[in-house]
Amino acid sequence: MVSGNKLYKLQPLLEAAQDSGLQTLISVGGRYSNHLHALAWASREAGLQSVGLVLGYAAQVLTPTLLDCQRWGMELHFVDRQTYQERYTDGFWQPWLSLYPNSMRVNEGGWSAEGIKGSGLWWQGIDPDTDLVVCAVGSGSTLAGLATHAPAKVSVVGVPVFRDADNYQDLQTKMAALSLGSEQYSLWTDFAGPGFGKLSPAQRTFSQQFSLASGIALDPVYTAKVFYALESQLTVDPHLHNRKIAILHTGGLQGCRQ
Ligand SMILES: Cc1ncc(COP(=O)(O)O)c(C=O)c1O
């Protein structure tokens, strides 16, 4: 039920909630959110309640993602786009934390000290000979966890899957607050395509051909963009051919259901 990067991020958050005697985890996401999907399942497994604050409207047909969330006991509330834009502020969360006493705020994509620490566990599954690791960037938790715990001389590269007119300044500021800078990670910023959840025609064709050739399915929001990014970089940067590269398939296939 939970694939890719999700348990790495969520397990320490669930443990933190349990250790603090909290019963409910509240988080945010879109109607196809892998994060809410994983949180609903993992919370239930841990004997905790979950609440999902979803960008959308109650009148909309529930997506397969949200139907699963509901089936696993997540209480869903819908918030409009304007309200959702405030999700990084305390003011957004306060009413929900009051409505659900004994609850814990889980930021978008699990961004937290716990989620970042948990993401460092990726290294346990990465071949020690690897010298370059490439992953998708949504909230940045996975990238931050990899970069924080990277062995010496291993480069960590993140591929943002959303466009940012500000050249990913907010992301870099978040990373800098963790003392992570250009020494610890770099970004390949040309591969977000037309926007979050949208592929360019070239990315779509690549994704289809890659899946056919390899038997490995890619999701259009995260992994298709990351694999396309590496393929593109390999064609323009001959130095990459001498490196031992790991690319992380961070999951997300549940979101492909219509
Ligand atoms: C499938 C998938 N890959 C990658 C990411 C990006 O991870 P992060 O939010 O840690 O940057 C997400 C979002 O959580 C995701 O669902």
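**Exercise 1. Find what the buried residues of helix 7 pack against.**

Step 1. Fix the ground rules. This is a predicted model, in which local features need pLDDT of at least 70 and side-chain atom pairs count only at pLDDT 80 or more, while totals for chains, interfaces and linings use all residues. Residues are numbered from 1 along each chain as its sequence is written.

Step 2. Locate the element. Helices (H or I, at least four residues) and strands (E, at least two) are DSSP runs, numbered from the N terminus. Helix 7 spans residues 141-148.

Step 3. List its buried residues. A residue is buried if 20 or more other C-beta atoms lie within 10 Å of its own, exposed if 12 or fewer, and partly exposed in between; C-beta atoms are placed from the backbone. Ser141, Thr142, Leu143, Ala144, Gly145, Leu146 and Ala147 qualify as buried.

Step 4. Name the partners. These buried residues pack against three helices and two strands: helix 1 (6-19), helix 6 (113-119), helix 8 (169-176), strand 5 (132-137) and strand 6 (155-160). Contact here requires C-beta atoms, placed from the backbone, within 7 Å.

Step 5. Conclude. Seven of the eight residues of helix 7 are buried, so the helix is largely enclosed by the rest of the structure.

**Exercise 2. Place Gly118 and list its contacts.**

Step 1. Gly118 is found in helix 6.

Step 2. Count its surroundings. There are 25 other C-beta atoms within 10 Å, so Gly118 is buried.

Step 3. Leave aside neighbours within four places in sequence. Gly118 is then in contact with Tyr8, Lys9, Gln11, Pro12 and Gly145.

Step 4. Check the link to helix 7. Gly145 is one of the buried residues of that helix. The C-alpha atoms of Gly118 and Thr142 are separated by 8.6 Å, with their positions 24 residues apart along the chain.

**Exercise 3. Work out the strand order of the sheet that holds strand 5 and strand 6.**

Step 1. Pair strand 5 with strand 6. Two strands pair if DSSP finds at least two bridges between them. Six bridges link strand 5 and strand 6 in the parallel sense. Cys135 stands opposite Gly158 in strand 6.

Step 2. Go outward from strand 6. Two bridges join strand 6 to strand 7 (residues 186-187), in parallel. Gly158 stands opposite Leu187 there. Five of the six residues of strand 6 are buried.

Step 3. Go outward from strand 5. Three bridges join strand 5 to strand 8, again in parallel. Leu132 stands opposite Ile245 in strand 8.

Step 4. Write the order. The sheet is open, has four strands and reads 7-6-5-8. Strand 7 and strand 8 (245-247) each have a single partner strand, so one side of each is left without a neighbour in the sheet.

Step 5. Assign the crossovers. A crossover is right-handed if, with the strands pointing away from the viewer, the path from the first strand over the helix to the second runs clockwise. Strand 5, helix 7 and strand 6 form a right-handed β-α-β unit. Strand 6, helix 8 and strand 7 form a right-handed β-α-β unit as well.

**Exercise 4. Describe the pairing of strand 2.**

Step 1. Strand 2 (residues 49-55) has five of its seven residues buried.

Step 2. Take the partners. Six bridges join strand 1 (residues 24-29) to strand 2, in parallel. Ser27 has Gly52 as its bridge partner in strand 2. The crossover from strand 1 through helix 2 to strand 2 is right-handed.

Step 3. Five bridges join strand 2 to strand 3 (residues 75-79), also in parallel. Leu55 has Val79 as its bridge partner in strand 3.

**Exercise 5. Locate the ligand relative to the two domains.**

Step 1. Take the bounds, which come from an automatic or database domain assignment. They are domain 1 (6-110) and domain 2 (118-256). Their centres, taken over C-alpha atoms, are separated by 25 Å.

Step 2. Examine the shell. A residue is near the molecule if its C-beta atom, placed from the backbone, lies within 6 Å. Of the 17 residues around the ligand, Asn34, Gly109, Gly138, Thr250 and Gly252 come nearest. Helix 7 gives the most, three residues.

Step 3. Conclude. Both domains give residues to the shell, so the ligand lies between them.
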